[in-house]
Amino acid sequence: MTGLRPAIPFLDLARINDAHTDEFDLVWQRVRKHGGYIGGPEVDRFEAEFAEYCGTTQCVGVGNGTDALELILTGLGIGPGDEVIVPANTFIATAEAVCTAGATPRFVDVRPDTLLLDPDAVTAAVNTTTAAIIGVHLYGQMADITVLAHIADRHGLAFIEDAAQAHGARFRGRRAGGAGVAAAFSFYPGKNLGALGDGGAVVTNDPALACRVRSIANHGRSATDRNRHDAHGRNSRLDSIQAGILSVKLERLDADNAQRRAIMERYVTSLPIDCVPVATDPHAEPVHHLAVVRVPDRDRVTRSLTEAGIGWGIHYPVPCHRHPAFERFPAEAPVAEQAAESILSLPMSPTLRADDVTRVCAELRGVSC
Ligand SMILES: *Cc1c(COP(=O)(O)O)cnc(C)c1O
């Protein structure tokens with residue numbers, strides 16, 4: 001029976017990128033001809049475009065989103081002996097970057113409605129070793145940047161945004177990227193703005209920080225003398241081909257995000273009553289990187305979705321502090337732990353059709369009655 005229906009993939013990247021085939025071919029031809037495969041004119045152009053899009057003055061293209069976070073921390077001089085507040089409910093990379101920078105992650109619980117960093121829990125966690133707060137804009141919704149930036153200011157901490165899932169999202173009218181000292185973006189293929197490989201960016205309004213990040217990400221090289229290495233650096237750069245592809249896709253980002261919002265609205269009106277979407281803060285304009293709902297009997301639901309050929313995911317089944325790699329950083333995060341048991345990500349992509357959403361909801365209704 002179900003075999004006759006086409007499968008609904010969780011995310012159909014080939015279909016998303018299919019729309020740009022001719023423009024991608026032109027990027028490849030151009031880069032192949034000029035030969036500047038790394039740091040070519042495509043990188044300069046994309047950095048300028050993406051800074052403008054985020055409403056910041058600076059953008060530095062880097063190798064991936066995890067590096068972007070680590071480079072911000074290192075660029076700010078945050079490292080051994082410093083604690084960095086991160087939400088317990090995030091992709092593991094947020095905490096990983098803190099450790100790679102040599103600092104200590106301090107896992108803090110999330111709000112029960114949005115599953116984003118809880119400002120009260122943040123305030124309770126601040127101590128004399130705290131150096132920064134990383135606000136993660138998870139699932140495409142921005143954390144409360146107004147309150148979090150205020151807490152950071154009051155305690156003299158750096159407020160950093162992990163915007164890897166929130167390209168183009170707004171909070172009180174402000175775009176993700178400009179709320180703190182700096183923001184990290186990922187262009188991993190599945191993100192709202194995705195390359196055809198790895199990529200990332202640091203955006204900031206601080207030219208000196210941008211300069212340090214650019215130098216560290218390029219072997220600690222001096223901006224004025226390429227044979228002088230000022231700092232102990234590393235290699236994390238954005239390729240010209242990926243930058244060219246990102247410029248093509250940036251033009252469509254707002255339209256794609258609007259499509260994601262329309263799909264989410266359709267989910268919200270058609271989902272069965274016991275399938276509860278993660279709440280949207282009234283001040284937030286999310287870009288729905290993921291369509292996350294909470295369901296009572298997740299194993300049963302996922303079994304039936306799989307049987308019906310419908311893709312799904314769980315973001316994330318294990319809170320960061322429960323992974324063996326982070327067990328040495330004990331945390332109290334009952335909200336994150338409870339949410340991890342019931343959250344489920346439904347198919348979400350700008351290419352998803354209205355009748356696909358209807359079919360997913362019908363399948364979910366079938367399980368719940
Ligand atoms: C994807 C992601 C990252 C890491 O980005 P990569 O480009 O995969 O290194 C960091 N934080 C969050 C919240 C992410 O979703």
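## Holes, pockets and a ligand

**Exercise 1.** Sort the residues of the lining of the second largest cavity into nonpolar, polar and charged.

*Solution.*
- Start with the tally: six nonpolar, two polar and three charged residues (nonpolar is Ala, Val, Leu, Ile, Met, Phe, Trp, Tyr, Cys and Pro; charged is Asp, Glu, Lys and Arg; polar is the others, Gly among them).
- Before moving on, know your material: the model is predicted, so local features need pLDDT of at least 70 and side-chain atom pairs pLDDT 80 or more, while totals for chains, interfaces and linings use all residues. Numbering runs from 1 along each chain as its sequence is written, and side-chain values use heavy atoms, without hydrogens or water.
- Now put names to the tally: Arg111, Thr114, Leu116, Leu117, Pro119, Gln141, Met142, Ala143, Asp144, Phe171 and Asp281 make up this lining.
- The space they enclose is about 50 Å³.

**Exercise 2.** Find out how many cavities of 30 Å³ or more there are, and describe the largest.

*Solution.*
- The rule, on a 1 Å grid over the protein atoms alone: a 1.4 Å probe fits in a cavity but cannot get out, and lining residues have an atom within 4 Å of a grid point. Points join across faces, edges and corners, and volume is the space filled by probe spheres on them.
- Two cavities pass the 30 Å³ mark.
- In the largest cavity you get about 70 Å³.
- Around that space are Leu13, Ile16, Pro189, Gly190, Lys191, Asn192, Lys249, Asp256, Arg260 and Pro350.
- By class, that is four nonpolar, two polar and four charged residues.
- Two elements, α1 (13-18) and α10 (253-270), each bring at least two residues to this lining (DSSP runs numbered from the N terminus: helices are H or I, at least four residues; strands are E, at least two).

**Exercise 3.** Place the ligand and pick out its polar side-chain partners.

*Solution.*
- Look in the largest pocket: that's where the ligand sits (more than half of its atoms lie within 2 Å of the grid points; a pocket is an open set with protein on both sides within 12 Å along at least five of seven lines).
- Two helices, α4 (65-75) and α5 (93-100), give two or more residues to the shell around the ligand.
- Count 13 residues in that shell, with Gly65, Thr66, Asp162, Ser186 and Lys191 the closest (a heavy atom within 4 Å counts).
- Four of the shell residues are nonpolar, seven polar and two charged.
- Next come the polar contacts (N or O pairs within 3.5 Å). Ligand oxygen atoms are 2.5 Å from a side-chain N or O of Thr66, 2.8 Å from a polar side-chain atom of Gln165 and 3.4 Å from a side-chain N or O of Asn64.

**Exercise 4.** Set the two largest pockets side by side, by volume and lining.

*Solution.*
- For the largest pocket, the volume is about 520 Å³.
- Its lining runs to 30 residues, and Phe91, Gln165, Tyr188, Lys191 and His289 are nearest the centre.
- Both α4 and α5 give two or more residues here, and α4 gives the most, with three.
- Class by class, the lining holds 14 nonpolar, 12 polar and four charged residues.
- Turn to the second largest pocket, at about 400 Å³.
- Here 19 residues do the lining, with Gly39, Glu47, Arg214, Asn218 and Arg237 nearest the centre.
- Two or more residues each come from α3 (41-54), β1 (58-62) and α8 (207-216).
- The class split for the second largest pocket is seven nonpolar, six polar and six charged.

Terms used. Polar contact = N/O pair within 3.5 Å; in protein donor to acceptor, adjacent residues only side chain to side chain.
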